[in-house]
Amino acid sequence: MENNHSHSISNKTYIGIWIGLLILTFLSVEASFVQFRAFAVGVALFIATAKAFIVAYYFMHLKFDSKIISIMVLVTGVVFLTFIILTFFDYAFREPIV
Amino acid sequence: MNMNQTISDHAVHRDDEASKIGMWLFLFTELLLFGGLFLVYTIYRNLNPDAFANASQELSVAFGTINTVVLITSSLTVALSISTIKDNKPKMAKNLLWLTLILAAVFMVNKYFEWSAKIHHGLFPGMEHFMQLPPGEALFFFLYFFMTGLHALHIVAGSIFIGVVIAQLNKGKIKYDDYILQENAGLYWHLVDVIWIYLFPLFYLIH
């Protein structure tokens with residue numbers, strides 16, 4: 001069986017990814033001081049999700065592992081998103097809590 | 001017939017991919033454990049936006065940022081240690097894992113000082129100051145202690161896992177062509193990092 005040695009990432013790439021993650025971290029700290037109230041949560045979650053994706057794709061090797069694992073991760077993500085969206089529908093159409 | 005013979009002639013049965021899928025299945029349960037907590041956080045924050053923003057001012061962005069950098073760096077050292085063992089450099093792989101453990105310790109020491117300051121201010125659930133907070137702010141601190149506490153517990157568990165990997169490297173049981181345990185420990189560590197990636201903006205970066 002072929003080992004996935006040839007597919008692995010070089011140390012240089014890993015360090016590049018690390019620098020990218022640090023830049024995103026500082027970007028998200030800086031963004032939090034800018035007052036765009038309405039988008040603040042969206043911006044924070046967008047950057048966090050970008051970071052999580054980078055960690056999963058490169059550090060957790062989703063890019064190189066069997067596609068079945070990526071599909072499983074996707075399914076879990078969709079299940080979780082469904083829970084969030086359904087719960088929000090509940091709160092959106094409920095009488096306000098006094 | 002001579003099935004048994006054939007099996008015993010082979011090396012111990014290994015299925016690295018199945019092992020990895022098993023680890024991922026476990027990670028999904030972890031994801032949903034924290035996912036439930038994130039859901040609770042999101043709902044309560046939506047119901048008490050101002051209280052959450054006020055309470056969050058108490059947290060130190062500097063501490064949170066430093067810990068984020070520490071955890072991201074520890075994820076890098078774990079990833080590097082796995083590519084190092086593939087290159088058959090067990091000593092280097094071990095050193096990188098030790099570096100990860102040191103970074104984990106730095107994270108926990110920071111957390112200790114952070115929590116101590118909050119507890120000193122009486123913000124731990126049940127303390128006097130906590131009891132006098134408006135309900136929304138009390139919720140924020142309750143979730144803060146619970147979620148960062150549960151996350152810190154995962155740092156401890158991940159550190160023990162990495163400790164086991166270091167021991168196996170010492171015994172030569174993990175080597176360049178058999179390192180699935182190290183990969184799984186790495187997956188766990190990265191998951192703990194991913195959870196922090198979300199905890200950080202949600203607790204520290206609301207202004």
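The crossing of helix 4 and helix 5 in chain B is left-handed, a label used when the near helix is turned anticlockwise from the far one by less than a right angle, with clockwise giving right-handed. Helices here are DSSP runs (H or I, at least four residues), numbered from the N terminus. This is a predicted model, in which local features need pLDDT of at least 70, side-chain atom pairs count only at pLDDT 80 or more, and totals for chains, interfaces and linings use all residues. Residues are numbered from 1 along each chain as its sequence is written, chains are lettered from A and ligands numbered from 1 in the order in which they are written, and side-chain values use heavy atoms, leaving out hydrogens and water.

Back to that pair. Helix 4 of chain B packs against helix 5 (residues 90–120) of chain B at about 165 degrees, with axes 8 Å apart; the axes are lines fitted to C-alpha atoms over the stretch in contact, and angles run from 0 to 180 degrees between N-to-C directions. So the two helices are roughly antiparallel, the term for angles over 145 degrees. Their contact has 17 nonpolar, 8 polar and 2 charged residues (nonpolar: Ala, Val, Leu, Ile, Met, Phe, Trp, Tyr, Cys and Pro; charged: Asp, Glu, Lys and Arg; polar: the others, Gly among them).

Now look further along chain B. Helix 7 (residues 135–170) and helix 8 of chain B pack at about 160 degrees, their axes 10 Å apart, which means they are roughly antiparallel too. Helix 7 of chain B passes helix 8 of chain B in a left-handed crossing, and their contact has 21 nonpolar, 8 polar and no charged residues.

What about chain A? Helix 1 (residues 11–33) of chain A packs on helix 4 (residues 61–86) of chain B at about 165 degrees, with axes 10 Å apart, so this pair is roughly antiparallel. Helix 1 of chain A passes helix 4 of chain B in a right-handed crossing.

Finally, the empty space. There are 3 cavities of 30 Å³ or more, a cavity being a set of points on a 1 Å grid over the protein atoms alone where a 1.4 Å probe fits but cannot get out. The largest holds about 60 Å³, a volume being the space filled by probe spheres set on the points, which are joined across faces, edges and corners. Its lining residues (an atom within 4 Å of a point) include A:F59, A:H61, B:K20 and B:H190. Helix 8 (residues 180–204) of chain B gives the most to this lining, with 4 residues.

Technical notes
1 Å grid on protein atoms, 1.4 Å probe; cavity = no way out; pocket = protein on both sides within 12 Å on 5 of 7 lines; lining within 4 Å. Parallel < 35°, antiparallel > 145°, perpendicular 65-115°, else oblique.
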